[in-house]
Amino acid sequence: MSAFRRLTLLAAASAMTLAPLSVALAQVPPATVGDRYVPAPWWMRDPVIASIGYVRTEIPANRAQFQASFQTISRTAAQAQSEAADKVRALSRALQAYGEDRVRVSTTLNIRPLYEQYRDEQGNIRENQRSDQVERYEANATVSIEVRDTAVLERVYASVLQGQPTSVSPVYFTLQPDNETKTRLQAAAVSDAARRAREAAQNAGATLGRVQVIDPTGRACQTDVLAGWPSYGASMTATDVDADSIVVTGSRAARPMAAPPPPPPPPPPGAPGRGGESSVEAAQLALTPPLQELTDQACVVYRLN
């Protein structure tokens with residue numbers, strides 16, 4: 001092997017050995033918390049002010065979820081399943097008529113055997129667990145309802161009650177802000193950072209220069225150079241912003257409101273729950289979506305003049 005060939009292989013081996021080392025060194029933090037001397041971020045080479053914009057608002061919840069259960073007991077599993085399906089079929093059709101963009105419905109069915117019971121010598125009730133001792137079958141049909149348009153929530157809930165379920169869960173509210181609401185809240189956080197920086201500079205007898213950093217996460221303003229950075233976890237008071245300036249209501253108001261779905265067909269004569277549309281109207285309850293808190297923050301670093 002020539003000397004040139006040996007030098008080439010040696011250089012390649014050295015590069016392979018140093019590559020992992022350079023990657024590992026690149027992942028080492030710039031400083032350890034508690035070090036005596038800590039390198040400052042690049043944007044602190046000149047006099048700067050780092051300002052965190054922190055905003056909060058309250059917006060009504062726009063999602064609601066609850067469940068209704070229907071229970072039947074019959075001699076055979078097939079009959080119990082059929083009776084449970086009959087109880088939820090008309091209700092499911094009525095709820096699906098609202099459209100998936102407003103109401104989403106899913107149904108699950110569970111069947112369990114009910115075994116013959118007897119009393120032991122001490123008088124305690126015991127239950128046989130043998131397949132040849134099944135007395136009846138219990139079917140539980142659970143209808144899960146997700147209301148995506150809270151304007152129809154009260155009517156949907158009344159329709160479910162009209163179906164006379166065995167049990168109804170509480171209504172749980174959540175907030176799913178749309179992308180434009182998130183964007184407007186982020187813009188409010190940046191504006192709040194600029195306001196805080198401007199007022200702080202004026203109080204200190206300085207003026208703001210050009211922008212050095214804009215960090216939508218706010219983490220850049222939470223580096224603690226004196227303690228050894230990074231050191232996160234700063235807490236501050238949020239600025240309240242008007243919900244009307246955050247939530248976009250014009251496009252939603254312009255959307256034509258769909259007509260309510262037809263009421264479920266009335267039960268046969270003599271059956272409980274007879275009353276149709278008037279009973280649904282009478283069963284409506286006040287279900288006002290609660291206010292949910294939305295927060296956002298942003299970091300803006302300015303040079304000081």
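The legends below describe close-up views of a predicted model, covering salt bridges and one helix.

**View 1. The salt bridge between E293 and R56 in the predicted model.** The side chains of E293 and R56 form a salt bridge in which the closest N and O atoms are 2.7 Å apart. Because E293 belongs to strand β11 (residues 291-304) and R56 to strand β1 (residues 48-60), this pair ties together parts that are 237 residues apart in sequence. E293 has a relative accessibility of 49% and counts as partly exposed, since the exposed class begins over 50%.

**View 2. The salt bridge between D86 and R89 in helix α2.** D86 and R89 meet through their side chains in a salt bridge, with an N to O distance of 2.6 Å. Both residues lie in helix α2 (residues 77-96), where they are three residues apart and thus separated by about one helical turn. An α-helix has 3.6 residues a turn, so residues three or four places apart point the same way. D86 is partly exposed, with a relative accessible area of 42%, and R89 is likewise partly exposed, with a relative accessible area of 42%.

**View 3. The salt bridge between R196 and D192 in helix α4.** R196 forms a salt bridge with D192, and the closest N and O atoms of this pair are 2.7 Å apart. The two residues lie four residues apart in helix α4 (residues 179-203), which is about one turn of the helix. The relative accessible area of R196 is 22%, and this residue is partly exposed, whereas D192, at 4% relative accessibility, counts as buried; the boundary that separates these two classes is 20%.

**View 4. A salt-bridge network that includes R56 and E293.** R56, E58, D240 and E293 are joined into one network by salt bridges that share partners. The pair of R56 and E293, with its closest N and O atoms 2.7 Å apart, is one of the salt bridges in the model, for which the count comes to 12.

**View 5. Helix α3 and the residue Q164 that follows.** Helix α3 (residues 153-162) is largely enclosed by the rest of the structure, because eight of its 10 residues are buried. The buried residues of α3 are L153, R155, V156, Y157, A158, S159, V160 and Q162, among them the charged residue R155. After α3 comes Q164, whose phi is positive, near 55°.

Note on methods:
Residues are numbered from 1 along each chain as its sequence is written. This is a predicted model: local features need pLDDT of at least 70, side-chain atom pairs count only at pLDDT 80 or more; totals for chains, interfaces and linings use all residues. Side-chain values use heavy atoms; hydrogens and water are left out. A salt bridge is a side-chain nitrogen of Lys or Arg within 4 Å of a carboxyl oxygen of Asp or Glu. Buried means under 20% relative accessible area, exposed over 50%, partly exposed in between (1.4 Å probe, protein chains only).
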